[in-house]
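Okay, thanks for coming, everyone. I'd like to walk you through one protein chain today, so have a look at the picture before I start talking.

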Amino acid sequence: MPEGTSPAAPVAPTTAPPSQAAQAQAAKSPAPASKESTAGLLFGIGAYVLWGMLPLYFFILMPAGAVEIVANRVVWSLLFCALLITVTRSWGVLVVALRDRRVFGSLALAAFLIAINWLTYTYGVTTGQAVETSLGYFINPLVSVLLGVLVLKERLRPLQWTAVGVGFVAVGVLTYSYGKLPWIALTLAFSFGLYGFVKNRVGSKVDAITSLSVETMVLAPLAAVAMVVLAASGSSTLTSQGAGHFWLLLASGVITAVPLLFFGASARRLPMTTIGLLQYFAPVLQFLVALLVFREAMTVERWIGFGVVWLALLLLTVDMLRTTRRNSLARRAAIRQAA
């Protein structure tokens, strides 16, 4: 059952025939599950829409550069997490995570991977390359599949192999269209893919806020040094661009944490198939923002390259839906046999 719901209570003895009692119980039970699924869907859409709109936030933070934006994002995220942990009285959970060497080591590695991801993403958006940043998150599912083969030695199904092969063709087409390897997209795809892999190894040992708190604690000293160096060199915009700019930079803590909270709430309520489909919201929105708001150029060759990427994602999605349906039918058959 989804978290927040409970299995149906046993039916009390009744004068009605058993079949009627079972029907009455079945009629009541879908309501909580339906509410949980609806809430999970709304939380998931909220998370990916916020992530998809991040380019607009970085755009209004100009003239702040990528390093300053990420440094502020880390420092203010840490303060916001400390506030949340205080409100939810979760300091004990954080201490347990810090004392567990395996958990802390994994989260420290995840911290450096997400720092690379954030820096690359922010650099891409603030230098007029938001289209390529969206490409990175389109490629990410293919990278995750590839990591499964190379690191976990997983065996891919034929449709998955086809999708990976089409993905390689897409990178080749885009390399030709850009006149160089699309390093921003590939860095984003691999850094986030590896980040997800490392976080997956931690599993359910830490929740989203504890995880983000540990990661920002690891990065905070480096972020603080970066902020001091920028201020000393006169390159900092935190206090030189007016009160509005100052508060917008401080808001980066909330803007970083809220989508993660939404995502955590969604992941607890929805099956992974639905989460997998929702993840396309973010790069689609990033792509639309780059084209419609930032007016970035898209040549015919780039359209072809993106089209090949979308074909690969379509193949992965079809395979995922087919596998989910097959597994669901197998479970139902097993339940019928057990009954």
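Let's begin with the nonpolar core. This is a predicted model, and its largest nonpolar core has 70 residues. Which residues have the most contacts inside that core? They are F58, V131, I139 and F306. As for which part of the chain gives the largest share, that's helix α7, residues 130–150, with 12 residues.

Take F306 as an example. Leaving aside residues up to four places away in sequence, F306 touches V131, S134, L135, F138, L174, Y178, F287 and M298. So that you have some background: in soluble globular proteins, nonpolar side chains tend to be buried together. There's also a second core, separate from the big one, with 14 residues, including C81, L107, V206 and I209.

Now zoom out for a moment. What is the protein built from, in terms of helices and strands? It has 15 helices and zero strands. Of the 339 residues in the protein, 44% are buried. And here's one about contacts: if you take those between residues at least 6 apart in sequence, 83% join residues at least 24 apart. The accessible surface comes to about 17800 Å², and 68% of that belongs to carbon and sulfur atoms.

Next up is helix α6, where we can do a little check together. The helix runs over residues 101–126, which is 26 residues, and at 1.5 Å a residue it should span 38 Å. The C-alpha atoms at its ends are 37 Å apart, which agrees with that expectation.

Look at the two ends of α6 as well. At the start, D100 has a side-chain oxygen that reaches to within 3.1 Å of the backbone nitrogen of R102. Just after the helix, you'll find G128 with a positive phi of about 75 degrees.

While we're on α6, find N117, which sits in this helix. Is N117 buried or exposed? Its relative accessibility is 2%, so it counts as buried. What does the N117 side chain find there? One of its polar atoms lies 3.3 Å from the backbone oxygen of L188. Not counting residues up to four places away in sequence, N117 touches Y137, L188, S191 and F192.

On to charges. How many salt bridges does a search of the whole structure find? Two. Let's take them one at a time.

In one of them, R157 pairs with D319, and the closest N and O atoms are 2.7 Å apart. This pair links distant parts of the chain: R157 is in the loop between α7 and α8, D319 is in helix α15, and they're 162 residues apart. R157 counts as partly exposed because its relative accessibility is 31%. D319, on the other hand, is at 5%, so it counts as buried.

The other salt bridge is between E215 and K199, with the closest N and O atoms 3.1 Å apart. Here E215 belongs to helix α10, residues 208–232, and K199 to helix α9, residues 183–202. The two residues are 16 apart along the chain. E215 has 3% relative accessibility, so that one is buried. K199 is at 24%, so we call it partly exposed.

Last topic: a few backbone oddities to hunt for on the screen. What kind of peptide bond joins M62 to P63? It's cis, with omega near 20 degrees. P63 lies in the loop between α3 and α4.

Then there are two arginines. R89 isn't a glycine, yet it has a positive phi of about 55 degrees. You'll find R89 in the loop between α4 and α5, and since its relative accessibility is 77%, it counts as exposed. R295 also has a positive phi of about 55 degrees without being a glycine. R295 is in the loop between α14 and α15, and it's exposed, with a relative accessible area of 66%.

If you want something to try afterwards, pick out F306 and trace the residues it touches, among them V131 and F287. Then do the same for N117 and find L188 and F192 among its contacts. Okay, that's me done, so over to you for questions.

Technical notes: Residues numbered from 1 in each chain as written. Predicted model: local features only at pLDDT ≥ 70, side-chain atom pairs only at ≥ 80, totals over all residues. Heavy atoms only, no water. Helix = DSSP H or I, 4+ residues; strand = E, 2+ residues; numbered from the N terminus. Expected span 1.5 Å × (residues − 1). Polar contact = N/O pair within 3.5 Å; in protein donor to acceptor, adjacent residues only side chain to side chain. Core = buried A, V, L, I, M, F, W, Y, C linked by side-chain atoms within 4.5 Å. Buried < 20%, exposed > 50% of the residue type's maximum accessible area, 1.4 Å probe, protein only. Contact = heavy atoms within 4.5 Å. Salt bridge = Lys/Arg side-chain N within 4 Å of Asp/Glu carboxyl O. Areas by Shrake-Rupley, 256 points an atom, 1.4 Å probe, with all protein chains shown as cover.
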